[in-house]
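Thanks for coming, everyone. Please bring the model up on your screens, and I will walk you through it.

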Amino acid sequence: MSTSAASLRASALMLLASLIWGTAFVAQTASIGTIGPFYYTGMRFVLGAAVVLAVMALRRRPNPADHPGSNPGSLLRDGGLLGVVVAISISMQQIGLESTTVANAGFISSLYVLLVPLLGLLWGRRVGAGVWLGALLAASGMYFLSVRQGYSVRHGDWLELGGALFITLQLLLLGRMAPRHDPLQLALVQFVVCGLLCLGAGGLMESISLEAIGRGVWPILYGGALSVGVAYTLQVVAQRHAIPAHAAVIFSMEGVFAALAAWLVLHQALDARALFGCALVFGGLVVSQLPLRTLADGLRAHMRRLPSPQTLDS
């Protein structure tokens, strides 16, 4: 597969993952008050791991020659580190939702779209003007989409900001680790580690009952099978062929899909301000795909080929 085709395929997979995550946000909020945040996160990541295992059982055995830098030790190390980071980020996000608004959480969580290229500079990852402009448009769009009159900082907002920092770290780490390993194997280790850590934390700090699980079964199934098992696996597959900053802009569409899902399912209104925010986020996605430097170079070359005014006069 050519580089351009692989990049286009990766963008499509990341956009699909954003759609699943955005619609899963409704299920995630529905679990609040039913199941503790650690138990909820733990159960859905274990379920996600089961989905990946089922897919692995149906596919052909991967060729080790396709991933020469991967071995059981490095796979456990990389997948384990990703699992720890995801466990922290998702748990902070879920706990933060208990003491802040969904709007605040949506905006603050989306700040990773700016944090990824900023922190990426520390790792020597430079990105083009198109990605920077796309990130700024996406962050501005999430502001208009989420922040309303009377916005105030709440206790849960600091947890959401911490979650955004760890999401940033996960995107940067995955950009380095995904090309080394088979994507399904890496996703499986990540999910198992995250699930077990969160279940362990839930066992120490939360209570659970069969009645609570029964009331939260649909959020668990949707959040586990689709949001984790499908969407997070798509992320691992896609980031083999995408730079983290570019991926962050595409993943910011999660906020737009979440707003649309809330409008369709929860009948929450989408006013002109929110629609303008959605348009900005989508604009950021489009701009981030454009090779602005190549277009500018082509425009300058075209201008140089145009006849000068003196030539036209003669």
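One term before we start. A residue is called buried when its relative accessible area is under 20%, exposed when that area is over 50%, and partly exposed in between. Keep that in mind for helix H12. Its buried residues are Met253, Gly255, Val256, Phe257, Ala258, Ala259, Ala261 and Ala262.

Now the overall view. This is a predicted model. The protein has 15 helices and 0 strands. It has 314 residues, and buried ones make up 48% of them. Look at the contacts with a separation of 6 or more. Residues 24 or more positions apart account for 93% of those.

Let's stay with H12 for a moment. The helix covers residues 253–265. What span should its 13 residues have at 1.5 Å a residue? The expected figure is 18 Å, and the end C-alpha atoms are 18 Å apart, so the two agree. Just after H12 comes histidine 267, with a positive phi of about 60°.

Pick out valine 256 in that helix. Its relative accessible area is 7%, so valine 256 counts as buried. Setting aside neighbours within four places in sequence, valine 256 is in contact with Leu145, Cys278 and Val281. Now find glycine 106. In sequence, glycine 106 and valine 256 are 150 residues apart. In space, their C-alpha atoms are 9.8 Å apart.

Next, valine 286, in helix H13, residues 272–289. Buried or partly exposed? Valine 286 is partly exposed, because its relative accessible area is 39%. Its C-alpha lies 9.1 Å from that of isoleucine 250, and 36 residues separate the two in sequence.

On to the nonpolar cores. The largest one has 65 residues. Which residues have the most contacts inside it? They are Met14, Phe45, Val113, Leu171, Phe191, Tyr232 and Phe251. Helix H8 supplies the largest share of this core, with 8 residues. Apart from it lies another core, of 5 residues, including Ile35, Tyr40, Met43 and Ile220.

Zoom in on phenylalanine 45. Leaving out neighbours within four places in sequence, phenylalanine 45 is in contact with Val86, Ile90, Phe191, Cys194, Gly195, Val228 and Tyr232.

Two of those contacts, Val228 and Tyr232, bring us to helix H10, residues 217–238. At 1.5 Å a residue, its 22 residues should span 32 Å. The end C-alpha atoms are 29 Å apart, which agrees. H10 also bends, by about 30°, at serine 227.

Now charges. How many salt bridges does a search of the whole structure find? It finds 4. Here is one that links distant parts of the chain. Arginine 59 pairs with aspartate 182, and the closest N and O atoms are 2.7 Å apart. Arginine 59 sits in the loop between helix H2 and helix H3. Aspartate 182 sits in the loop between helix H7 and helix H8. The two residues are 123 residues apart. Arginine 59 has 27% relative accessibility, so it counts as partly exposed. Aspartate 182 is at 5%, so it counts as buried.

Another salt bridge joins the side chains of arginine 77 and aspartate 78, at 3.0 Å from N to O. Arginine 77 counts as exposed because its relative accessibility is 51%. Aspartate 78 counts as buried because its relative accessibility is 2%.

Then there is glutamate 211 with arginine 215, at 4.0 Å from N to O. Both lie in helix H9, 4 residues apart, or about one turn of the helix. Both are exposed. Back to the earlier pair: salt bridges that share partners join Arg77, Asp78 and Arg180 into one network.

Last stop: glutamate 160, in helix H7. This residue is buried, yet it has no salt bridge. Where is the nearest side chain of opposite charge? That is arginine 44, 11 Å away. What does glutamate 160 touch, not counting residues up to four places away in sequence? The list is Met92, Gln93, Gly96, Leu97, Thr100, Ala105, Ile108 and Ser109.

That's the tour. Questions, please.

Methods
Residues are numbered from 1 along each chain as its sequence is written. This is a predicted model: local features need pLDDT of at least 70, side-chain atom pairs count only at pLDDT 80 or more; totals for chains, interfaces and linings use all residues. Side-chain values use heavy atoms; hydrogens and water are left out. Buried means under 20% relative accessible area, exposed over 50%, partly exposed in between (1.4 Å probe, protein chains only). The expected span of a helix is 1.5 Å times one less than its number of residues. The bend at a residue is the angle between axes fitted to the seven residues ending there and the seven starting there. A nonpolar core is a set of buried Ala, Val, Leu, Ile, Met, Phe, Trp, Tyr and Cys residues joined through side-chain atoms within 4.5 Å. Contact means heavy atoms within 4.5 Å. Lys and Arg count as positive and Asp and Glu as negative; His and the chain ends are not counted.
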